[in-house]
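User: Please take a close look at one part of this protein and describe how it is built. I would then like to see it placed in the context of the rest of the chain.

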Amino acid sequence: MMLFFAKFLRRLIHLNNWLVVLCAVLFIVFSALVAYEMEPDTFETRFNGFWWVMTTVTTVGYGDFYPHTVAGKCLGIVVYMFGIGIISITISKVVDALFMYQRRREEGKLKYSGEGHFVLIDWTQHADNAMKEILQTDSQAEIVLIDMMERSPVRHERVHYIQGNPQHVETLEMANTGQAKAVFIFADDVTMYQNTVRDPSYVDGRTLLVAATVERNYSHVYTVVEVRDKRNLPNFEHIRVDEFIFGSETISQLAVRAAFNPGSSRIISQLLTRTPDGEDLYEIPKQSEWVTFEEAFHALLRQGATLIAEGDRLDINKRLKETIPPDARLFVICDYETYVRIEQSIVSGA
């Protein structure tokens, strides 16, 4: 009997996880039904039979229900021997499955199936800063990071890691790039070029290949690309990149501005970073009663916000008498409470 029991458990261990769970469920349900049919007066209901089986196989044994007949006690012996073994193996299988899932997630082997997320390509210091900014700005935002490292460099419930070459469509599909809100392609001068001279042209060349792959397959997704050398910008003209950033150039410009105008760099940094208190940059929709920029400017000023730009144009003070275009993107400076109040007033007015 013990030899049969040992062989049975060994075979059970090697079964598929779902088959083990199915065997455990069938065994418990079958035992509960048999227990009730054997001693209906003892267990009173089928649920009580199920309760007795569960307390037995989990070794709790409250003793509120137990079989009185020889047949019922024989069933109890079977439940002791096989049920406890089955439940133990099932629990170990579930734990192993959870561990395997977590390991595959950290190794970037699981496909992301969400929508409206942000895709960050290549793990760099700029990517790290962008990730922190996204997570801080939007408490619901999901991020998918694509890189070729063995494990995810970040542990966060809203950050999903995909391991692979971003130049391959299969890798971008794993990140569900087609349903993303935006894609950020950062200039990686470490992973691919750690054994060579870090020439900006080589770095931008790889960035160009990644950007071309993204735009060829997901042209509808907003794409932001970091370029190391501004002279390489004409090479990107044949692909429809939505926006470019120049990391080293921005840092140099901020340093010069700080030297000529002390404190100016802190103002720009505050506008670029979401803070719980203080003034930040926000985009608001155009209201129907605003005809000219002057009307919008004064209306927003009365609510505690300053209109500073329309799209990428900062010449609002020269365009006050102009009519606001229907597709205008208005940017204001205000604190978060003011922004929420303006948004609520626009929604209630609609």
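The following answer begins with the sheet that has parallel pairing and then turns to its surroundings.

Analyst: This is a predicted model, in which local features need pLDDT of at least 70 and side-chain atom pairs count only at pLDDT 80 or more, while totals for chains, interfaces and linings use all residues. Residues are numbered from 1 along each chain as its sequence is written, and side-chain values use heavy atoms, with hydrogens and water left out.

The part in question is an open sheet of 6 strands with parallel pairing, in the order 3-2-1-4-5-6. Strands are DSSP runs of E with at least two residues, helices are runs of H or I with at least four, and both are numbered from the N terminus. Two strands pair if DSSP finds at least two bridges between them. The edges of the sheet are strand 3 (159-163) and strand 6 (243-245); each has a single partner strand, so one side of each is left without a neighbour in the sheet. On average, neighbouring strands of this sheet are turned by 20° against each other, direction ignored. Such angles are taken between N-to-C directions and run from 0 to 180 degrees, with axes as lines fitted to C-alpha atoms, for helices over the stretch in contact.

Within the sheet, 4 bridges join strand 1 (residues 118-121) to strand 4 in the parallel sense. Here Leu120 stands opposite Phe184 in strand 4. Helix 6 (residues 125-137) packs on the sheet and touches strand 1, strand 2 (143-147), strand 3, strand 4 and strand 5 (222-226). A touch, or contact, means heavy atoms within 4.5 Å. The direction of helix 6 makes about 165° with that of strand 1.

Two residues outside these strands add detail. Asn176 belongs to the loop between helix 7 (169-174) and strand 4 (182-185). Asn176 has a positive phi of about 50° although it is not a glycine. With a relative accessible area of 15%, Asn176 is buried; buried means under 20% relative accessible area, exposed over 50% and partly exposed in between, with a 1.4 Å probe and protein chains only. Glu106, in helix 5 (residues 70-106), is buried as well, with a relative accessible area of 15%. Leaving aside residues up to four places away in sequence, Glu106 touches Glu150, Arg151, Ser152, Arg155 and Tyr161.

A second open sheet offers a contrast in pairing: 3 strands follow the order 7-9-8, and the pairing is antiparallel. Strand 7 (280-284) and strand 8 (306-310) are its edges, each with a single partner strand, so one side of each is left without a neighbour in the sheet. From one strand to the next, the twist averages 35°. Strand 8 pairs with strand 9 (residues 330-334) in the antiparallel sense over 4 bridges, and Leu307 stands opposite Val332 in strand 9. Helix 11 packs on this sheet, where it touches strand 7, strand 8 and strand 9, and its direction makes about 145° with that of strand 8.

Helix 11 (residues 293-302) has Phe293, Ala296, Ala299 and Leu300 as its buried residues. Seen down the helix axis, these buried residues fall within an arc of 135°, so they line one face of helix 11; the arc is that of the directions from the helix axis to the C-beta atoms. Just after helix 11, Gly304 takes a positive phi of about 100°.

Helix 4 (residues 46-57) contains 12 residues and reaches 17 Å from its first C-alpha to its last, close to the 16 Å expected at 1.5 Å a residue; the expected span is 1.5 Å times one less than the number of residues. Its buried residues include Trp52, Val53 and Val57. In the loop between helix 3 (40-43) and helix 4 lies Glu44, whose phi is near 65°, a positive value in a residue other than glycine. At 55% relative accessibility, Glu44 counts as exposed. Just after helix 4, Thr59 takes a positive phi of about 60°.

The protein as a whole has 12 helices and 9 strands, and buried residues make up 39% of its 350 residues. Among contacts between residues at least 6 apart in sequence, 62% join residues at least 24 apart. The structure holds 0 disulfides, a disulfide being a pair of cysteine sulfur atoms within 2.5 Å. Cys74 is partly exposed at 43% relative accessibility, whereas Cys334 is buried at 0%.
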